[in-house]
Amino acid sequence: MVNVAVLGYGTVGSGVVEVLGRNREQISGKTGEEIQVRYILDLRDFPGDPYEDRVVHDFNLILEDAEISVVCETMGGVGAAYQFTKQALMAGKSVCTSNKELVAMHGTELLALAAEHHCNYLFEASVGGGIPLLRTIQNSLTAERIQAVTGILNGTTNYILTKMEKEHADYGEVLKKAQELGYAERNPEADVEGHDTCRKTAILASLVTGKTVDAAKIETEGITGVTQADFDFASKKGLRIKLLSVIKVEEDGKLLAVVAPFLLTEEHPLAVVEDVFNGVLVTGNMLGDTMFYGRGAGKLPTASAVAADVIDCARNRGRTVMEGWSREEAELVDIKELKSRFYVRTSSDCAETVEEAFWGGEGAAASEGILWGKEYGFFTPAMKEKEFDEKCRKLGEMVLSRIRLL
């Protein structure tokens with residue numbers, strides 16, 4: 001018998017309990033023993049719930065129970081969740097979580113604690129929801145030198161961008177609909193400003209490089225500046241707009257990590273990833289490109305990933321299976337030195353001035369500009385981002401929008 005405690009009985013926590021209960025026979029058949037939820041920690045009571053007799057309010061009951069071998073942390077945040085996780089690992093109890101904020105901030109320390117105390121800290125559900133991405137990189141692609149990871153890692157922003165493109169709706173209108181459907185929080189900042197994707201990018205980059213990647217140092221831009229006019233231009237050029245996580249390991253070992261909206265061709269594998277789905281392209285030096293696709297969020301997909309980690313812990317009691325990354329910080333490429341091409345949108349009455357600022361009065365045909373109504377859009381030549389930013393600063397409000405080309 002493997003006894004489990006679930007911390008937090010919200011959306012994901014209740015989903016974990018449901019998955020472990022509904023699929024009990026299949027799970028016990030694969031692990032060779034039954035997995036049972038003994039405790040559910042929450043501040044609230046749940047009268048009438050099938051598991052109400054397992055609800056407790058004191059974490060020490062879980063910590064001091066020697067028969068609890070696996071703890072599922074589904075509380076969220078980095079306060080109590082961090083303290084409880086640390087205490088559980090120090091007591092030799094494995095911890096499974098969907099908490100990307102905690103993993104991104106304290107993963108280095110918590111993985112080291114798990115190894116020290118011969119247990120596991122697993123977090124498959126923290127990136128890509130129900131997609132078995134981290135486990136595949138950790139286990140199935142061990143013979144590969146991962147060169148790049150490019151992905152759509154946030155279902156909320158992908159839903160918003162899909163609806164803006166397909167239904168020609170404004171950002172605010174689609175955001176409101178996403179909130180009504182439960183895809184976006186009342187305060188959607190973490191999603192729409194790119195912070196959620198940034199945390200997931202830090203986790204992926206740390207796993208790929210084997211070094212600590214600080215999320216605070218990753219260039220991050222959200223989707224709040226993307227307008228319907230930008231989609232009008234993209235459609236005329238056969239392009240799609242997606243919020244992407246881009247990770248590249250350079251030849252010199254430095255790491256490029258950026259989160260931002262990008263324009264990509266309709267032939268790109270990620271172009272067809274729509275609505276609340278996630279898609280991740282992993283590039284290995286031998287295998288080439290491998291694509292992962294699935295639901296990146298939601299109660300049961302996320303809970304399924306947490307439950308899979310519980311099974312791994314049950315199969316590997318007393319043995320650490322998740323290799324941690326070192327405390328050494330990865331050296332990040334200075335994004336300002338990176339060469340990129342940009343799409344720039346301006347008003348038609350100052351189009352010539354803006355285009356000339358980037359092209360120097362020559363090569364106008366190479367800008368592939370399009371005039372529609374009172375808007376004008378074109379592509380810049382490849383230039384360092386610091387040079388591009390300086391030109392935009394001088395042009396001021398004449399530049400209405402800009403998006404990188406992938």
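**Exercise 1. In which strand is the place of alanine 257? Work out its surroundings too.**

*Solution.* Keep in mind that you're looking at a predicted model.

Step 1: Find the residue. Alanine 257 sits in strand β10, which covers residues 255-265.

Step 2: Decide whether alanine 257 is buried. Its relative accessibility is 8%, and the cut-off for buried is under 20%. So alanine 257 counts as buried.

Step 3: List its contacts. If you skip the neighbours within four places in sequence, alanine 257 is in contact with Thr201, Ile218, Glu219 and Val246.

Step 4: Check a distance. Alanine 215 is 42 residues away from alanine 257 in sequence, and their C-alpha atoms are 9.4 Å apart.

**Exercise 2. Do the same job for valine 55.**

*Solution.* Step 1: Valine 55 belongs to strand β3, residues 55-56.

Step 2: Is valine 55 buried or exposed? With a relative accessibility of 14%, valine 55 counts as buried.

Step 3: Leave out residues up to four places away in sequence, and valine 55 touches Ile40, Arg44 and Phe46.

Step 4: Now compare sequence with space. Valine 55 and tyrosine 39 are 16 residues apart along the chain, while C-alpha to C-alpha they are 5.9 Å apart.

**Exercise 3. Count the disulfides and look at two cysteines.**

*Solution.* Step 1: Recall what you're hunting for. A disulfide is a covalent bond between the sulfur atoms of two cysteines. Here, a pair of cysteine sulfurs has to lie within 2.5 Å to count.

Step 2: Apply that cut-off. The count comes to 0 disulfides. Take cysteine 72: its nearest cysteine sulfur belongs to cysteine 96 and is 5.1 Å away, and cysteine 72 is in no disulfide.

Step 3: Why does cysteine 350 not bond with cysteine 392? Cysteine 392 has the closest cysteine sulfur, but that is 12 Å from the sulfur of cysteine 350, so it's too far for a bond.

Step 4: Check burial. Cysteine 72 is buried, with 0% relative accessible area. Cysteine 350 counts as buried as well, at 11% relative accessibility.

**Exercise 4. Describe helices α4 and α6.**

*Solution.* Step 1: Start with α4, residues 80-90. Its buried residues are Ala81, Tyr82, Phe84, Thr85, Ala88 and Leu89.

Step 2: See what follows. After α4 comes glycine 92, with a positive phi near 80°.

Step 3: Move on to α6, residues 133-140. Here Leu133, Leu134, Thr136, Ile137 and Gln138 are buried.

Step 4: Find the partners. The buried residues of α6 pack against α10 (195-209), β11 (277-284) and β12 (288-295).

**Exercise 5. Zoom out and sketch the whole chain.**

*Solution.* Step 1: Count the elements. The protein chain has 14 helices and 18 strands.

Step 2: Get the size. Along the principal axes, the C-alpha atoms fill a box of roughly 75 × 50 × 35 Å.

Step 3: Test for compactness. A compact globule of 406 residues would have a radius of gyration near 22 Å, and the chain has 23 Å, so the two agree.

Step 4: Look inside and outside. Of the 406 residues, 53% are buried. The accessible surface comes to about 17,900 Å², with 47% belonging to carbon and sulfur atoms.

Step 5: Look at the contacts. Among those between residues at least 6 apart in sequence, 73% join residues at least 24 apart.

Step 6: Finish with charge. There are 44 positive and 62 negative side chains, and the centres of the two sets lie 1 Å apart.

Conventions
Residues are numbered from 1 along each chain as its sequence is written. This is a predicted model: local features need pLDDT of at least 70, side-chain atom pairs count only at pLDDT 80 or more; totals for chains, interfaces and linings use all residues. Side-chain values use heavy atoms; hydrogens and water are left out. Buried means under 20% relative accessible area, exposed over 50%, partly exposed in between (1.4 Å probe, protein chains only). Helices (H or I, at least four residues) and strands (E, at least two) are DSSP runs, numbered from the N terminus. Contact means heavy atoms within 4.5 Å. The radius of gyration is taken over C-alpha atoms; the globule rule is 2.2 Å times the number of residues to the power 0.38. Accessible areas come from the Shrake-Rupley method with a 1.4 Å probe; for residues, only the protein chains shown count as cover. Lys and Arg count as positive and Asp and Glu as negative; His and the chain ends are not counted. The place of a charge is taken as NZ of Lys, CZ of Arg, CG of Asp or CD of Glu.
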